[in-house]
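Hi everyone, thanks for making time for this one. I'd like to walk you through a structure that's new to most of us, so let's put it up on the screen.

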Amino acid sequence: MSTILLRFFSIVSLLGFFNMGKAQYKLFQPEVLYKHESKASFRGIAVVNDDVVWVSGSKGTVGITTNGGFSWNWIQVKGHEKRDFRDVAAMDSLTAVIIAVGEPAIILRTIDGGKNWLETFRDERAGMFLDAMYFRNGLEGMVIGDPIARSPFMASTIDGGISWQPLVLEGAAGQPVLLDSGEAFFAASGSNLHLMNSGNIRNGYMVTGGSRSQMIHTDGKFIERLPFLPGGASRGGNSIAMKNSLQGIIVGGDFSQDTSTANNCLLVDLRVTGLKNEQLFTRPANPPGGYRSCVQYLFRKTWITCGTSGIDVTTDDGLNWRMISKDSYHTLGYAKKGKYVYLAGGGGRVGRIRVR
(Lines give C-alpha, C1' and ligand atoms only; values in the text may rest on other atoms or scores of the structure.)
Protein backbone atom coordinates (compact mmCIF):
# COMPACT_ATOMS: atom_id res chain seq x y z
CA MET A 1 0.00 0.00 0.00
CA SER A 2 1.36 3.40 -0.92
CA THR A 3 2.48 5.96 1.66
CA ILE A 4 -0.25 8.35 0.45
CA LEU A 5 -2.96 5.74 1.04
CA LEU A 6 -1.60 4.93 4.48
CA ARG A 7 -1.70 8.60 5.41
CA PHE A 8 -5.22 8.89 4.02
CA PHE A 9 -6.55 5.99 6.10
CA SER A 10 -4.76 7.30 9.20
CA ILE A 11 -6.44 10.69 8.81
CA VAL A 12 -9.85 9.05 8.24
CA SER A 13 -9.40 6.93 11.36
CA LEU A 14 -8.38 9.95 13.42
CA LEU A 15 -11.37 11.98 12.22
CA GLY A 16 -13.62 9.03 13.00
CA PHE A 17 -12.23 8.93 16.55
CA PHE A 18 -12.94 12.62 17.15
CA ASN A 19 -16.42 12.37 15.62
CA MET A 20 -17.19 9.38 17.82
CA GLY A 21 -16.09 11.39 20.86
CA LYS A 22 -18.36 14.29 19.91
CA ALA A 23 -21.30 11.96 19.35
CA GLN A 24 -20.73 10.32 22.72
CA TYR A 25 -20.67 13.66 24.53
CA LYS A 26 -24.02 14.57 22.95
CA LEU A 27 -25.57 11.93 25.20
CA PHE A 28 -24.38 13.77 28.30
CA GLN A 29 -27.06 16.44 28.52
CA PRO A 30 -28.49 16.98 32.03
CA GLU A 31 -32.19 17.45 32.62
CA VAL A 32 -33.86 18.60 35.84
CA LEU A 33 -36.37 16.00 37.00
CA TYR A 34 -37.68 17.66 40.14
CA LYS A 35 -37.32 20.68 42.42
CA HIS A 36 -38.62 19.95 45.89
CA GLU A 37 -40.80 22.72 47.27
CA SER A 38 -38.92 22.72 50.58
CA LYS A 39 -35.68 23.55 48.72
CA ALA A 40 -33.93 20.96 50.86
CA SER A 41 -30.28 20.29 50.15
CA PHE A 42 -29.76 16.74 48.88
CA ARG A 43 -26.33 15.14 49.38
CA GLY A 44 -27.33 11.48 49.54
CA ILE A 45 -28.30 9.37 46.52
CA ALA A 46 -28.72 5.65 45.86
CA VAL A 47 -29.43 4.36 42.35
CA VAL A 48 -30.75 0.80 42.50
CA ASN A 49 -31.43 0.70 38.76
CA ASP A 50 -32.64 3.08 36.06
CA ASP A 51 -36.13 3.11 37.61
CA VAL A 52 -35.54 3.01 41.38
CA VAL A 53 -33.66 5.95 42.91
CA TRP A 54 -33.53 7.28 46.48
CA VAL A 55 -32.31 10.71 47.61
CA SER A 56 -31.83 12.14 51.11
CA GLY A 57 -30.97 15.48 52.63
CA SER A 58 -31.83 18.32 54.97
CA LYS A 59 -35.13 18.99 56.76
CA GLY A 60 -35.52 15.25 57.36
CA THR A 61 -36.30 14.74 53.68
CA VAL A 62 -36.12 11.46 51.78
CA GLY A 63 -37.42 10.89 48.25
CA ILE A 64 -37.96 7.78 46.14
CA THR A 65 -38.93 7.21 42.53
CA THR A 66 -39.79 3.85 40.98
CA ASN A 67 -40.30 5.08 37.43
CA GLY A 68 -37.06 6.80 36.54
CA GLY A 69 -37.87 10.16 38.10
CA PHE A 70 -41.20 10.89 36.41
CA SER A 71 -42.94 10.86 39.80
CA TRP A 72 -41.63 10.96 43.36
CA ASN A 73 -42.80 9.95 46.80
CA TRP A 74 -41.48 12.51 49.30
CA ILE A 75 -41.12 11.70 52.98
CA GLN A 76 -40.25 13.84 55.97
CA VAL A 77 -39.06 11.26 58.47
CA LYS A 78 -41.28 11.50 61.53
CA GLY A 79 -39.47 12.68 64.64
CA HIS A 80 -36.44 13.74 62.59
CA GLU A 81 -37.81 16.72 60.70
CA LYS A 82 -34.78 18.88 61.53
CA ARG A 83 -32.10 16.27 60.82
CA ASP A 84 -29.84 16.28 57.80
CA PHE A 85 -29.61 12.85 56.17
CA ARG A 86 -26.35 13.21 54.27
CA ASP A 87 -26.29 9.72 52.77
CA VAL A 88 -28.61 6.92 51.76
CA ALA A 89 -28.03 3.32 50.64
CA ALA A 90 -30.82 1.30 49.05
CA MET A 91 -31.27 -2.36 48.27
CA ASP A 92 -34.57 -2.08 46.37
CA SER A 93 -37.73 0.06 46.24
CA LEU A 94 -38.66 -0.90 49.82
CA THR A 95 -35.40 -1.26 51.74
CA ALA A 96 -33.04 1.63 52.46
CA VAL A 97 -30.66 2.95 55.12
CA ILE A 98 -30.01 6.63 55.94
CA ILE A 99 -27.46 8.36 58.17
CA ALA A 100 -27.87 11.69 59.97
CA VAL A 101 -25.01 14.08 60.60
CA GLY A 102 -24.49 15.82 63.92
CA GLU A 103 -25.33 14.71 67.44
CA PRO A 104 -26.65 12.25 68.23
CA ALA A 105 -25.33 10.22 65.32
CA ILE A 106 -28.09 7.89 64.12
CA ILE A 107 -28.73 5.35 61.39
CA LEU A 108 -32.29 4.52 60.33
CA ARG A 109 -33.60 1.66 58.21
CA THR A 110 -36.87 1.11 56.34
CA ILE A 111 -38.34 -2.01 54.75
CA ASP A 112 -41.61 -0.49 53.54
CA GLY A 113 -40.49 2.23 51.16
CA GLY A 114 -40.03 4.87 53.84
CA LYS A 115 -43.38 4.67 55.58
CA ASN A 116 -41.71 3.54 58.80
CA TRP A 117 -38.11 3.82 59.98
CA LEU A 118 -36.31 1.81 62.65
CA GLU A 119 -33.28 3.24 64.45
CA THR A 120 -30.48 0.69 64.16
CA PHE A 121 -27.59 2.76 65.47
CA ARG A 122 -27.13 5.67 67.90
CA ASP A 123 -24.02 7.32 69.35
CA GLU A 124 -24.45 10.34 71.62
CA ARG A 125 -20.77 11.11 72.17
CA ALA A 126 -19.75 14.73 71.71
CA GLY A 127 -18.21 15.31 68.31
CA MET A 128 -19.96 12.43 66.53
CA PHE A 129 -20.61 13.30 62.88
CA LEU A 130 -21.35 10.58 60.33
CA ASP A 131 -20.05 11.46 56.86
CA ALA A 132 -20.52 8.63 54.39
CA MET A 133 -21.85 5.12 53.90
CA TYR A 134 -21.13 2.45 51.30
CA PHE A 135 -22.82 -0.89 50.68
CA ARG A 136 -21.03 -3.24 48.31
CA ASN A 137 -24.03 -5.60 48.17
CA GLY A 138 -27.37 -5.99 49.91
CA LEU A 139 -25.81 -7.08 53.21
CA GLU A 140 -22.27 -5.75 53.63
CA GLY A 141 -21.67 -2.08 54.27
CA MET A 142 -19.62 0.45 56.18
CA VAL A 143 -20.11 3.93 57.63
CA ILE A 144 -17.38 6.43 58.48
CA GLY A 145 -17.45 9.56 60.60
CA ASP A 146 -15.28 12.40 61.83
CA PRO A 147 -12.54 11.47 64.30
CA ILE A 148 -13.20 11.08 68.00
CA ALA A 149 -9.98 11.85 69.91
CA ARG A 150 -8.34 12.01 66.45
CA SER A 151 -9.34 8.41 65.62
CA PRO A 152 -11.71 8.02 62.63
CA PHE A 153 -15.09 6.59 63.50
CA MET A 154 -15.88 3.43 61.53
CA ALA A 155 -18.58 0.76 61.78
CA SER A 156 -19.62 -2.13 59.56
CA THR A 157 -22.68 -4.26 58.96
CA ILE A 158 -23.13 -7.71 57.43
CA ASP A 159 -26.92 -7.87 57.72
CA GLY A 160 -28.06 -4.99 55.55
CA GLY A 161 -27.84 -2.33 58.25
CA ILE A 162 -29.88 -4.10 60.90
CA SER A 163 -26.89 -4.07 63.25
CA TRP A 164 -23.56 -2.24 63.27
CA GLN A 165 -20.19 -3.19 64.75
CA PRO A 166 -17.62 -0.45 65.57
CA LEU A 167 -14.20 -0.85 63.93
CA VAL A 168 -10.78 0.31 65.09
CA LEU A 169 -8.45 1.64 62.41
CA GLU A 170 -4.94 0.36 63.08
CA GLY A 171 -1.78 0.95 61.06
CA ALA A 172 0.82 -1.53 59.92
CA ALA A 173 2.48 -1.46 63.36
CA GLY A 174 -0.78 -2.29 65.11
CA GLN A 175 -1.16 1.21 66.55
CA PRO A 176 -4.38 3.22 66.17
CA VAL A 177 -4.36 5.53 63.14
CA LEU A 178 -4.72 9.15 64.24
CA LEU A 179 -5.74 11.98 61.95
CA ASP A 180 -4.13 15.39 61.99
CA SER A 181 -5.73 18.15 64.03
CA GLY A 182 -8.20 19.73 61.62
CA GLU A 183 -8.30 16.66 59.35
CA ALA A 184 -11.64 14.92 58.86
CA PHE A 185 -14.03 13.48 56.28
CA PHE A 186 -16.19 15.84 54.23
CA ALA A 187 -19.90 15.00 54.30
CA ALA A 188 -20.27 16.52 50.85
CA SER A 189 -21.71 13.66 48.82
CA GLY A 190 -21.49 10.40 50.75
CA SER A 191 -18.76 9.26 48.39
CA ASN A 192 -15.44 9.65 50.21
CA LEU A 193 -15.66 5.92 51.03
CA HIS A 194 -15.41 3.14 48.44
CA LEU A 195 -15.47 -0.58 49.24
CA MET A 196 -14.15 -3.16 46.79
CA ASN A 197 -16.40 -6.03 45.71
CA SER A 198 -13.87 -8.71 46.63
CA GLY A 199 -12.12 -9.61 49.88
CA ASN A 200 -13.38 -8.96 53.38
CA ILE A 201 -15.55 -6.04 54.44
CA ARG A 202 -12.47 -3.94 55.21
CA ASN A 203 -11.19 -3.97 51.64
CA GLY A 204 -11.73 -0.40 50.56
CA TYR A 205 -10.47 3.18 50.61
CA MET A 206 -11.48 6.51 52.13
CA VAL A 207 -10.20 10.06 51.66
CA THR A 208 -9.84 12.92 54.13
CA GLY A 209 -9.56 16.68 53.83
CA GLY A 210 -9.00 19.82 55.86
CA SER A 211 -5.60 20.52 57.38
CA ARG A 212 -4.30 17.36 55.70
CA SER A 213 -5.70 15.14 52.98
CA GLN A 214 -4.98 11.39 52.82
CA MET A 215 -6.04 8.22 51.04
CA ILE A 216 -6.45 5.48 53.65
CA HIS A 217 -7.18 1.80 53.16
CA THR A 218 -10.03 0.80 55.46
CA ASP A 219 -7.80 -1.80 57.13
CA GLY A 220 -5.23 0.91 57.95
CA LYS A 221 -2.33 -0.82 56.17
CA PHE A 222 -2.10 1.75 53.34
CA ILE A 223 -1.97 5.47 54.13
CA GLU A 224 -0.72 8.03 51.62
CA ARG A 225 -0.69 11.81 51.70
CA LEU A 226 -2.69 13.39 48.87
CA PRO A 227 -1.20 16.38 47.03
CA PHE A 228 -4.25 18.61 47.46
CA LEU A 229 -3.88 22.19 48.70
CA PRO A 230 -3.39 21.90 52.48
CA GLY A 231 -4.24 24.16 55.36
CA GLY A 232 -7.89 25.01 54.71
CA ALA A 233 -11.07 23.76 56.34
CA SER A 234 -12.75 23.64 52.92
CA ARG A 235 -9.86 22.05 50.99
CA GLY A 236 -8.93 18.49 50.16
CA GLY A 237 -10.38 15.23 48.94
CA ASN A 238 -14.16 14.94 48.78
CA SER A 239 -14.84 11.80 46.80
CA ILE A 240 -13.15 8.60 45.64
CA ALA A 241 -14.23 6.05 43.04
CA MET A 242 -12.34 2.94 42.00
CA LYS A 243 -12.48 1.38 38.54
CA ASN A 244 -10.89 -1.74 39.98
CA SER A 245 -8.67 -2.58 42.93
CA LEU A 246 -5.73 -0.64 41.46
CA GLN A 247 -7.10 2.32 39.50
CA GLY A 248 -9.24 5.16 40.75
CA ILE A 249 -9.96 8.88 40.74
CA ILE A 250 -10.22 11.31 43.64
CA VAL A 251 -11.88 14.72 43.31
CA GLY A 252 -12.14 17.70 45.61
CA GLY A 253 -10.49 21.09 45.63
CA ASP A 254 -11.59 24.15 47.57
CA PHE A 255 -15.30 24.47 48.30
CA SER A 256 -14.87 28.17 49.07
CA GLN A 257 -13.45 28.75 45.55
CA ASP A 258 -15.58 26.38 43.55
CA THR A 259 -14.54 27.55 40.08
CA SER A 260 -10.83 27.04 40.73
CA THR A 261 -9.31 24.09 38.89
CA ALA A 262 -6.20 24.01 41.07
CA ASN A 263 -5.55 20.62 42.67
CA ASN A 264 -9.12 19.41 42.25
CA CYS A 265 -8.53 15.95 40.75
CA LEU A 266 -6.04 13.12 41.22
CA LEU A 267 -5.62 9.94 39.18
CA VAL A 268 -4.84 6.93 41.38
CA ASP A 269 -2.56 4.20 40.04
CA LEU A 270 -1.59 1.37 42.41
CA ARG A 271 -0.64 -1.11 39.70
CA VAL A 272 3.07 -1.12 40.55
CA THR A 273 4.17 -1.59 44.15
CA GLY A 274 6.93 0.55 45.57
CA LEU A 275 6.00 3.66 43.62
CA LYS A 276 6.71 7.05 45.09
CA ASN A 277 3.80 9.21 46.20
CA GLU A 278 4.02 11.46 43.15
CA GLN A 279 3.66 8.39 40.91
CA LEU A 280 0.68 7.00 42.80
CA PHE A 281 -1.24 10.24 42.35
CA THR A 282 -0.98 12.25 39.14
CA ARG A 283 -3.00 15.22 37.91
CA PRO A 284 -5.03 15.31 34.69
CA ALA A 285 -3.76 17.18 31.66
CA ASN A 286 -7.14 18.96 31.58
CA PRO A 287 -8.88 18.86 34.99
CA PRO A 288 -12.57 19.27 35.79
CA GLY A 289 -13.89 22.84 35.70
CA GLY A 290 -13.77 23.55 39.43
CA TYR A 291 -14.32 22.13 42.91
CA ARG A 292 -15.97 18.73 42.64
CA SER A 293 -17.71 16.83 45.44
CA CYS A 294 -18.52 13.51 43.75
CA VAL A 295 -16.98 11.25 41.11
CA GLN A 296 -18.27 8.00 39.61
CA TYR A 297 -16.83 5.40 37.25
CA LEU A 298 -19.27 4.52 34.47
CA PHE A 299 -17.84 2.14 31.86
CA ARG A 300 -14.73 1.50 29.75
CA LYS A 301 -12.70 4.71 30.25
CA THR A 302 -15.67 6.95 31.01
CA TRP A 303 -16.18 8.75 34.34
CA ILE A 304 -18.39 11.62 35.52
CA THR A 305 -17.97 14.19 38.28
CA CYS A 306 -20.10 16.98 39.71
CA GLY A 307 -19.89 19.90 42.11
CA THR A 308 -21.41 23.26 42.88
CA SER A 309 -19.93 24.83 39.75
CA GLY A 310 -20.66 22.17 37.15
CA ILE A 311 -20.56 18.65 35.73
CA ASP A 312 -17.65 17.11 33.81
CA VAL A 313 -17.08 13.92 31.83
CA THR A 314 -13.91 12.09 30.79
CA THR A 315 -13.60 9.30 28.24
CA ASP A 316 -9.88 8.61 28.72
CA ASP A 317 -9.75 7.50 32.38
CA GLY A 318 -9.48 11.01 33.75
CA LEU A 319 -6.64 12.43 31.70
CA ASN A 320 -8.87 14.99 29.98
CA TRP A 321 -12.19 16.30 31.31
CA ARG A 322 -14.88 18.22 29.46
CA MET A 323 -17.45 20.36 31.27
CA ILE A 324 -20.91 19.44 29.98
CA SER A 325 -22.93 21.76 32.23
CA LYS A 326 -22.59 24.53 34.80
CA ASP A 327 -25.54 23.13 36.73
CA SER A 328 -24.87 22.78 40.45
CA TYR A 329 -25.14 19.35 42.07
CA HIS A 330 -23.63 17.82 45.21
CA THR A 331 -23.83 14.11 44.45
CA LEU A 332 -24.56 11.59 41.73
CA GLY A 333 -25.15 7.87 41.31
CA TYR A 334 -25.17 5.25 38.59
CA ALA A 335 -26.35 1.66 38.45
CA LYS A 336 -23.95 -0.72 36.74
CA LYS A 337 -24.91 -1.20 33.07
CA GLY A 338 -27.56 1.50 33.43
CA LYS A 339 -28.47 4.15 30.90
CA TYR A 340 -28.76 7.08 33.29
CA VAL A 341 -26.73 8.95 35.88
CA TYR A 342 -28.89 10.61 38.55
CA LEU A 343 -27.83 13.75 40.39
CA ALA A 344 -29.01 15.59 43.51
CA GLY A 345 -28.10 18.97 44.95
CA GLY A 346 -29.17 22.18 46.61
CA GLY A 347 -32.52 23.88 46.19
CA GLY A 348 -34.31 20.54 46.24
CA ARG A 349 -33.01 19.70 42.78
CA VAL A 350 -32.81 16.20 41.30
CA GLY A 351 -31.51 15.64 37.77
CA ARG A 352 -30.69 12.95 35.26
CA ILE A 353 -28.19 12.45 32.43
CA ARG A 354 -28.39 9.75 29.78
CA VAL A 355 -24.95 8.18 29.26
CA ARG A 356 -25.75 5.27 26.95
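**Salt bridges and a small sheet**

Let's start with a little charged cluster: E119, R122 and E124 form a network of salt bridges. Before I go further, keep in mind that what you're looking at is a predicted model. Within that cluster, the side chains of E124 and R122 come together at 3.2 Å, N to O. How accessible are these two? E124 is exposed, at 58% relative accessibility, and R122 is partly exposed, at 41%.

Okay, stepping back a bit. How many salt bridges turn up in a search of the whole structure? The count is 11. One that I'd like to show you is between the side chains of R352 and E31, at 3.1 Å from N to O. That one ties together distant parts of the chain, with R352 sitting in strand β30 (residues 349-354), E31 in strand β1 (residues 31-35), and the two positions 321 residues apart. Is R352 buried or exposed? R352 counts as buried because its relative accessibility is 7%, under the 20% cut-off. Its partner E31 has a relative accessible area of 34%, so E31 is partly exposed.

One more pair while we're here: D269 and R271 join their side chains in a salt bridge at 2.8 Å, N to O. D269 is partly exposed, with 23% relative accessibility.

Now for the sheet. Please find the open, four-stranded one, whose order is β15-β16-β18-β19, with antiparallel pairing. Which strands are at the edges? Those are β15 and β19, and each of them pairs on one side only. From one strand to the next, the twist averages 15 degrees. As a quick reminder, strands in a sheet pair through backbone hydrogen bonds, and they can do that parallel or antiparallel.

Let's walk across it. β15 and β16 are antiparallel and joined by three bridges, and there you can see L195 opposite G204 in β16. Next over, β16 and β18 also run antiparallel, with three bridges between them. Here V207 faces M215 in β18. Then we get to β18 and β19, an antiparallel pair with three bridges, where Q214 has R225 in β19 as its bridge partner. Those two strands make a hairpin with five residues between them, and in that hairpin G220 has a positive phi near 80 degrees.

I want to stay on β18 for a second. In a regular strand, side chains alternate between the two faces of the sheet. What about the faces of this strand, residues 214-217: are they covered or open? Both are covered, with Q214 and I216 buried on one side, and M215 and H217 buried on the other.

Last stop, N203. Where does N203 sit? Look in the loop between β15 (193-195) and β16 (204-207). Its side chain reaches back to the backbone oxygen of S198, at 2.8 Å. If you set aside the neighbours within four places in sequence, N203 is in contact with L195, M196, S198, H217 and T218. Two of those names have come up already: L195 is the residue opposite G204, and H217 is one of the buried residues of β18.

That's my tour, and I'm happy to go back to any part of it.

Methods:
Residues are numbered from 1 along each chain as its sequence is written. This is a predicted model: local features need pLDDT of at least 70, side-chain atom pairs count only at pLDDT 80 or more; totals for chains, interfaces and linings use all residues. Side-chain values use heavy atoms; hydrogens and water are left out. A polar contact is a pair of N or O atoms within 3.5 Å; within protein, one must be able to donate a hydrogen and the other to accept it, and residues adjacent in sequence count only if both atoms are side-chain atoms. Contact means heavy atoms within 4.5 Å. Buried means under 20% relative accessible area, exposed over 50%, partly exposed in between (1.4 Å probe, protein chains only). Two strands pair if DSSP finds at least two bridges between them. A salt bridge is a side-chain nitrogen of Lys or Arg within 4 Å of a carboxyl oxygen of Asp or Glu. Axes are lines fitted to C-alpha atoms, for helices over the stretch in contact, and angles run from 0 to 180 degrees between N-to-C directions.
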